[in-house]
Amino acid sequence: MDVLLYSTNGPSKTVLWRPGEGRSVVLQETDYRPFSHVGQTVHIYDALDICADNEMPPKPITALSTLRDKTLQWQKHHPCRNLRVLWFGAKLDGEDEDAHDWYGNVQFAVPTDVMMHHWRNFYLVEMLTASTHTTTRILVTNADYSSVLPPYDPRTPGGPWRLTPEGRHECLADCRRYSNQGYNGDGHILEFMIEVEQFQIRTILAESTLSFRNHEQGGNGGPHDCHRSGRLPMCPTPCTKDVAAKIFFEEHQRSGLQQDMATPRLAPSAERLRMDFPAGREYSF
């Protein structure tokens, strides 16, 4: 039986849950898709701030979650209270970089094997089932939270993320929903909540590869056009990845005249875009 953690009210309720011990969330084995990197996508000026600060600062958990600050604020002795994390998602191999990315314009991607090298503990925080999709959240940390969270082993069959005997990482494109009710019209999303210690804040940036994403629909105002909708009056940078690259390289070069700027490795697609712009050609490493 699935374990209910939290449920919102209303006809389109969202459920936070975990599968019962030994329960598989796999619908079909063919639903697994390979991924070799995990990525975080941000808007252009957030990416420039990361380069200026030479670090990716973790933030409090404000999204609907059993670990969000609002949920744990009264549990003074909970070990995950005041947790600060970086949110990364599985970056599927061969994904279409021209597809709209509602998170923003610039993606920092880290090899999944590198993540597993620097962080040794994995915990299944929750699975979130909404009306259209299901999201799995896994806490990645070097701390021991086994007193409050179930450890997650990707080598165990039946989970949303698996590590094959051949060493390939795979995640489910679709999965079972809470209590087998309904279906995921928009499939399954795998998220990693990475807890970084102070000395790791720069490490994760140093291990990242930068690429550009299509965020052209960000200014349309739709619920899945820009994840900042509702928090800002409008998306700050709704543009194609080509325009995003031009803005980023020009602003990075300008800021580099005044301060030291981190220069993450470029993905091959980003390197091609860099060579398209005069300012981009001077973006040195």
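Biologist: Why is Lys241 called buried?
Modeller: The relative accessibility of Lys241 is 14%. Buried means under 20% relative accessible area, exposed means over 50%, and partly exposed lies in between, with a 1.4 Å probe and protein chains only. The value for Lys241 is under the first limit, so the residue counts as buried.

Biologist: What are the conditions on these values?
Modeller: This is a predicted model in which local features need pLDDT of at least 70 and side-chain atom pairs count only at pLDDT 80 or more, while totals for chains, interfaces and linings use all residues. Residues are numbered from 1 along each chain as its sequence is written, and side-chain values use heavy atoms, with hydrogens and water left out.

Biologist: What makes the pair of Asp98 and Lys241 a salt bridge?
Modeller: The closest N and O atoms of Asp98 and Lys241 are 3.2 Å apart. A salt bridge requires a side-chain nitrogen of Lys or Arg within 4 Å of a carboxyl oxygen of Asp or Glu, and the pair therefore qualifies. Asp98 belongs to the loop between strand 5 (84–92) and strand 6 (106–111), whereas Lys241 is in helix 5, so the bridge ties together parts that are 143 residues apart in sequence. Helices (H or I, at least four residues) and strands (E, at least two) are DSSP runs, numbered from the N terminus.

Biologist: How many salt bridges does this rule give, and which residues does a network of shared partners join?
Modeller: The count comes to 17 salt bridges. Glu29, Arg162, Arg168 and Glu170 are joined into one network by salt bridges that share partners.

Biologist: What is the N to O distance between Glu29 and Arg162, and why does the pair tie together separate parts?
Modeller: The distance is 2.7 Å, N to O, and the side chains meet in a salt bridge. Glu29 is in the loop between strand 2 (15–18) and strand 3 (32–42), and Arg162 is in strand 9 (residues 161–163), so the parts tied together are 133 residues apart in sequence. Glu29 has 51% relative accessibility and counts as exposed. Arg162, with a relative accessible area of 23%, is partly exposed.

Biologist: Is Lys91 buried or exposed, and how far from Glu95 is its side chain, N to O?
Modeller: Lys91 has 16% relative accessibility, so it counts as buried. Its side chain meets that of Glu95 in a salt bridge at 3.0 Å, N to O. Glu95, with a relative accessible area of 28%, is partly exposed.

Biologist: How do you know that Cys239 is in no disulfide?
Modeller: A search of the whole structure finds zero disulfides. For Cys239, the nearest cysteine sulfur is that of Cys235, 7.8 Å away. A disulfide needs a pair of cysteine sulfur atoms within 2.5 Å, so this pair does not meet the criterion. Cys239 counts as buried at 9% relative accessibility, and Cys80 is buried with a relative accessible area of 0%.

Biologist: What makes the passage of helix 1 by helix 5 a crossing with a given angle and hand?
Modeller: The axes of helix 1 (residues 44–53) and helix 5 (residues 241–256) come within 10 Å and cross at roughly 35°. Axes are lines fitted to C-alpha atoms, for helices over the stretch in contact, and angles run from 0 to 180 degrees between N-to-C directions. The crossing is right-handed; that term applies if the near helix is turned clockwise from the far one by less than a right angle, and left-handed if anticlockwise.

Biologist: Which residues of helix 1 and helix 5 meet?
Modeller: Ile44, Tyr45, Ala47, Leu48 and Cys51 in helix 1 meet Ala244, Ile247, Phe248, Glu251 and His252 in helix 5, where contact means heavy atoms within 4.5 Å. The residues of this contact divide into eight nonpolar, one polar and one charged.

Biologist: What makes the phi of Asn82 notable?
Modeller: Most residues other than glycine have a negative phi. Asn82 has a positive phi of about 65° although it is not a glycine. Its place is the loop between helix 2 (69–72) and strand 5, and at 48% relative accessible area Asn82 is partly exposed. Ser179, also not a glycine, has a positive phi near 55°. Ser179 lies in the loop between strand 10 (169–172) and strand 11 (188–194), and its 33% relative accessibility counts as partly exposed.

How values were computed. Nonpolar A, V, L, I, M, F, W, Y, C, P; charged D, E, K, R; others polar.
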